[in-house]
Every structure is written in structure tokens, then in C-alpha cells.
Amino acid sequence: MKQFKSYSGMATVCAMLTFASCGNDIELTNDAPVKGEYKVTFTASQESNVTRTAVDGANVVWQEGDAITVFDGAGVACPFELAKGVGTTLGEFQGTITVTEPKSYCAVYPAVENATIDSDYGISGLSLPVEQVATPNGFDPQAAIMTARNDNADRISSTSEDLSLGEFKHVCAFVKVTTTEEYDKITFTAKGGEDIAGGFTVTLDENGISTVTPAADASTTVSLVPASGETTIAAGTYLIAVLPGTLAEGFTMSCSKDDVEHSRIIAMMRSYNGAVGETVFARHNVVNMGTVNSTNWTNRTQEYVDLGLSVKWATCNVGATTSEGYGYYFAWGETNPKENYSWETYKWCNGTYNSQTKYNTKKNYGIIDNKTILDASDDAAHMNWGGAWRMPTRAEIEELININTNNCTWEWTSQNNENGYKVTSLKDGYTDKSIFLPAAGERQGTRTVNTRSYGNYWSVSLLEGEPYLAWYGCFTSNIYRSQSYRYYGFSVRPVLP
């Protein structure tokens, strides 16, 4: 365990952040401005070259409000704010730091207000943005998370000393994509449910290289969104930062946009399975998804209707091509249809209702993770249609079926010889808008039952008190929401936020 001994001094830190390619790092130097206090110089050279895809001409420059966090030898987080160098690659950062004997320093870019460090160089309180601002020929500076460590400096003996902070090293891996037209959103999803963004902890070894441990609230998906003041992401080359690791079941990427009539979402999708070598995402490296095109990417164009509610509803079920088509049946939290729907074949248990392996809030029913909403990687709407498509929440289903509201009328009817409900909006300005929900029945075991008389539509919401059940919307002669065994095969009708 590291022992800390400290005294105080003032420091000014100058920092260089240049990205000729996705592997260059910060260079830091500083001078104490007050005579009689220790003059300390922090330096950090570029990380040694590793296999990566270059991003030609990409320079990340310092901006107003930029800051870094330096952990002094006592483990105190010291903020250093940009004092000079806005709009350039060379900046001066000022702040107060503690100098110790032995001298031990770690630093993080960007600054993190509530980050902490333990005596084994574990830095917690960090977060990789789940939504990252699209930056042409580069990546969101807030996603350029880097760390540095040095604990081998000589003992201070005068008022003028140099301390090496070592190399600043990238924490994240990167995904590269090139587009030839504009999009509203670009989304990357780990198919196996691995955490690739959100909160995490890093532990730095003696070389400053980090080992990443995702937090409980980490995300299985990460997206690029337009910059502030922009409505779309222009054609160009972009990088998405992801937490390093192996994506055992592969990943998907989708580039989506609303059409000019605001009635359908056009998405280009590309997917890899777990057998592809690119499923290993190493720190500091780039996985190149190439250029979005009709040869290697799949076009997923899906229509929606705005009923004036909190979300927009798709016009057909996942797996269907018409509004009256039944589409696929999914067990809750699974993203592909199958032949047999039972506890024995259910993905998220060990064969019984009380052996849940994911999405569980009580010890009597398996492994507790306290997840109550499906991850994007387990959402059949998102994984099949990409973009911002997802399954509705319990509240959004209740909003549609009028529980405690008066939002829509429900008319039992037939459309192209298929029974179901026509749902028409009662909201001002939307009364000409409607969707059709077919009575597709359900799958139990190897049978399809109750077609033409029942409609069952999953939500993303778990029944927390009995976590072997999940919420769904159901209709027969009545319209209501209820809960059902998670292994049942129900329909999925996607929504858009």
C-alpha cells in the first residue's frame, strides 16, 4: 500500500493535446509563480506507437473551460483550469497541488469533479459519455479520457524541481465510421450486453496503463449526436470512444435519420458476430467500420405515426412488413425468434423461473443485478431496427391504452382479413392519426396460440416484486396491461422517443 506524506505548493501547468492520429497524448509542463514555493514541472510524452487507424489532420485544441484533474501524493484531487491557450494545442493550466515525499502523481483528462483515487491507483467516479458529440475527423473531447501516473520522482531538495508525470495514455478504444450523407444519430451497440460506456473505474499500473471496471449503471450502447446548434451529423469521418474489452457476441452499428415528411426512419445497419476478430477492442486502438454503403450495410426503413403522445409508434411489428402482419415473437429480453419458448430455452435463466441470471431484484429468483429496464442489447426493437427504435416502457403502453388517461380510441376491426384494434388519437391536431395492432396471439413451447383473438405486446419493464415476470400490453375483448412469464413469445411494436 502506498504511504503518503505531503506539503503544499502552487503550480501552473501547461498542456499540449495533439492528435495526428488516435494515439498521441498530452505534454505537460509547469512553473510555480511564487518565489519560495516549489517550482514543479510536469512532463508527459506521447504514448508509443501501437496498431491503430490514423485520423489524418485531426487536432483537438483547448477550449474555454477545459480542465484536468491531478491527484497529488496525498491522493487529493486538484483541479487545474485552462488559463492560456484557448483555440491552440498548447495550454497553461493553473491550480493548487500538494507535493509529497515520496512524490506520487496521477492525472486525468478531462477533469472530473468527484473522482477519487485509492492507494493502489484505482481512480473511480469516471464516466464515458453515452451520447458523444459528433466531431469531424476526430471524437468528442469529453470522450478523450486519458490518464497518467508517476511515482518514481527524486526527492525534492530545492525550490526548483522537475517531476515527470509520465505519458498520458488513452483509456478507451475507438470505433471509426465514414458517412457520405447526413444522419440524425449514429449508434454502436454490444450485442452480448457488455458495458461499453457510462460510469467506470480505472486502475493504473506502474506504466500508467489502465484496467477498466464498468460501474453497475454502465451502458451497452453509445451514440454520436449532432453538435450543439446542429440538427444533423454531416457527412464525414467520425470516431466513437468505447470502453475496452472483448464483445463476445459481436456488435452492431446503425446510422439513422428521419425523412423529410417525418413519417419514417431510414437506418443503415452493419453487424458483426462473435467470430469476427474485430470483436476485441483494445485500449488506444481503432476498429474501422468503413464507409456506410448499400453493399456492406443493410437499409432498414420503417414508418411511424405520431399520435401526439410521449413517443411515436411504429406502423408494424418487428418482423412484419405490413401493419396487420404478425411479425416475430420474442421472449422478454431476447432479440431473435426461436422454435421453443420455455424456461429451459430462455436466455436469462438456468432453466427455471427462480434461476434468473439477469434482470433480477430478489435473491429467491436468482442472481441479483437490480436491473429493471432492458439494456439496448436485449431490446428486440433496437437490435432488429437500430437507430433510436426501442420497445415501449410500461408507462408508454399505459398511455396508449388509456389507463387513467383519455388519449386514444380503440376499435376492434379487421384489416386485410386479420383481426386487431385500430388505435386512433384523441389529441388535438392528431385525430386523423392511427395505428393497427394485430391479434397475433403468442408462443408457448412450440405452439402459436390465440391468434386472431389476443394481442400481446412486450414492454421493456420488469415486474420488480416478482422478477420472473415482465409487463406487457394485452387486448382481447378488454384492453389492459398486465404481467407475464418472461419466456413467453410475444409481439414487439417499437417506439421512437
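Me: A charge sits over a ring if NZ of Lys or CZ of Arg is within 6 Å of the ring centre and within 35 degrees of the ring normal. So which ring does the charged end of Lys338 sit over?

Reply: The ring of Tyr341, 5.5 Å from its centre. Arg149 also lies over a face, that of Tyr121, at 3.5 Å from the ring centre. This is a predicted model, where local features need pLDDT of at least 70, side-chain atom pairs need 80 or more, and totals for chains, interfaces and linings use all residues. Numbering runs from 1 along each chain as its sequence is written, and side-chain values use heavy atoms, without hydrogens and water.

Me: Cool. How many aromatic pairs are there?

Reply: The count is 29 (ring centres of Phe, Tyr or Trp, its six-membered ring, within 6.5 Å; planes under 30 degrees apart are stacked, over 60 edge-to-face, the rest tilted). Trp343 and Tyr485 make an edge-to-face one, with 6.1 Å between centres and 75 degrees between planes.

Me: What does that pair tie together?

Reply: Parts 142 residues apart in sequence, because Trp343 is in the loop between strand S26 (312-314) and helix H1 (380-385), while Tyr485 is in strand S34 (residues 479-485). (Those are DSSP runs numbered from the N terminus: helices H or I, at least four residues; strands E, at least two.)

Me: Is Trp343 buried or exposed?

Reply: Buried, at 13% relative accessible area (buried is under 20%, exposed over 50%, partly exposed in between, with a 1.4 Å probe and protein chains only). Tyr485 is partly exposed, at 34%.

Me: And how are Trp385 and Trp389 arranged?

Reply: Edge-to-face, 5.0 Å centre to centre and 85 degrees between the planes. Trp385 is buried at 4%, and Trp389 is buried at 1%.
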